[in-house]
Amino acid sequence: SRRSFLGTLGLGSLGAIAADRLATASEAQRPGAEILGAGGVKTSARPRKAWRPVSDRKIRVGIVGYGVCQFGAAFGFQEHPNVTVAAVSDLFPDRCAALAKACRCEKTYPSLEELVKDDSIEAVFVATDAPSHARHCIEVLRHGKHVACAVPMATTLADLDRIIEAQQVSGCRYMMMETSAFSREYFAVEGMHRAGELGGLTLYRGFHIQNLDGFPAYWQGYPPMHYLTHALSPILS
């Protein structure tokens, strides 16, 4: 299409300009330096561009889970101008109250199973315990709502298949959060790749090392393939 052609032409022109500048650039001017700093030292976050809303509509989102990581309020749904946090839930009343306060939400439910019955809610963020992710996401999809979920997506291949089937039947969207494909380190390397700094890539390898002290005991026994998103997603992207 005309749009894609012009976009490709624009990217090609930018790539040519970037390649020309690289020939004489100092270390501080290398692609990604504005994000990581000269020599790979982290500096401030990447420069922000002016954000322009594409719609005035507010999506009504329900949030479930405020446990160990308190992820229910950590992803900023309550701050997004196109989102209304319509209701929250946690099995523990004190956690539910804390989540409602953090999200500035007045409506609460005692469980996810009750929250998904609310017809005014369009999408649900599942931030519950990992072993419950598959069951909870399927429950949301079966009620005709979009769902976003903290990692891991599931803990068995069979549950992965069930989520995919539920998504296809419902026609709603499923999104797994925490893929790490939007971190400043990723954007820095992506900039280097687009500028030709890395040459031809023939091998990709990703690592993610995390101290799980203080996490629920089941995390200690998970095989790496149950928690590969942080290491694998930037490579796939």
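Gln78 counts as buried in this predicted model, because its relative accessibility of 14% falls under the 20% limit for that class. Gln78 is placed in the loop between strands S1 and S2. The points below describe the surroundings of Gln78, then the sheet, and then a pocket.

**Surroundings of Gln78**

- The loop that holds Gln78 lies between S1 and strand S2, and S2 covers residues 83-89.
- A polar atom of the Gln78 side chain lies 3.0 Å from the backbone oxygen of Ala73.
- Ala73 is also one of the residues in contact with Gln78 when neighbours within four places in sequence are left aside.
- On that basis, the other contacts of Gln78 are Val85, Ala102, Cys103 and Arg104.

**The sheet**

- Six strands form an open sheet with parallel pairing, in the order S3-S2-S1-S4-S5-S6.
- The edges of this sheet are strand S3 (108-109) and S6, each of which pairs on one side only.
- S1 and S2 run parallel and are joined by six bridges.
- Val64 stands opposite Ser89, a residue of S2.
- S1 also runs parallel to S4, and four bridges join these two strands.
- Ile63 has Phe125 in S4 as its bridge partner.
- S4 in turn pairs with S5 in the parallel sense, over four bridges.
- Phe125 stands opposite Ala148 in S5; Phe125 is likewise the bridge partner of Ile63.

**The second largest pocket**

- The volume of the second largest pocket is about 920 Å³.
- Its lining consists of 25 residues.
- Four strands each give two or more residues to this lining: S1 (59-64), S4 (123-126), S5 (146-149) and S6 (174-176).
- The lining residues that lie nearest the centre of the pocket are Phe75, Phe77, Ala148, Met175 and Met177.
- By class, the lining has 16 nonpolar, five polar and four charged residues.

**Links between the topics**

- Ala148 belongs to both descriptions: in the sheet, this residue of S5 stands opposite Phe125, and in the pocket, Ala148 is among the lining residues nearest the centre.
- S6 is an edge strand of the sheet, and S6 also gives two or more residues to the lining of the second largest pocket.
- S1 pairs with S2 over six bridges, and the loop between S1 and S2 is the place of the buried residue Gln78.

Note on methods: Residues numbered from 1 in each chain as written. Predicted model: local features only at pLDDT ≥ 70, side-chain atom pairs only at ≥ 80, totals over all residues. Heavy atoms only, no water. 1 Å grid on protein atoms, 1.4 Å probe; cavity = no way out; pocket = protein on both sides within 12 Å on 5 of 7 lines; lining within 4 Å. Points joined across faces, edges and corners; volume = space filled by probe spheres on them. Nonpolar A, V, L, I, M, F, W, Y, C, P; charged D, E, K, R; others polar. Buried < 20%, exposed > 50% of the residue type's maximum accessible area, 1.4 Å probe, protein only. Polar contact = N/O pair within 3.5 Å; in protein donor to acceptor, adjacent residues only side chain to side chain. Contact = heavy atoms within 4.5 Å. Pairing = 2+ DSSP bridges.
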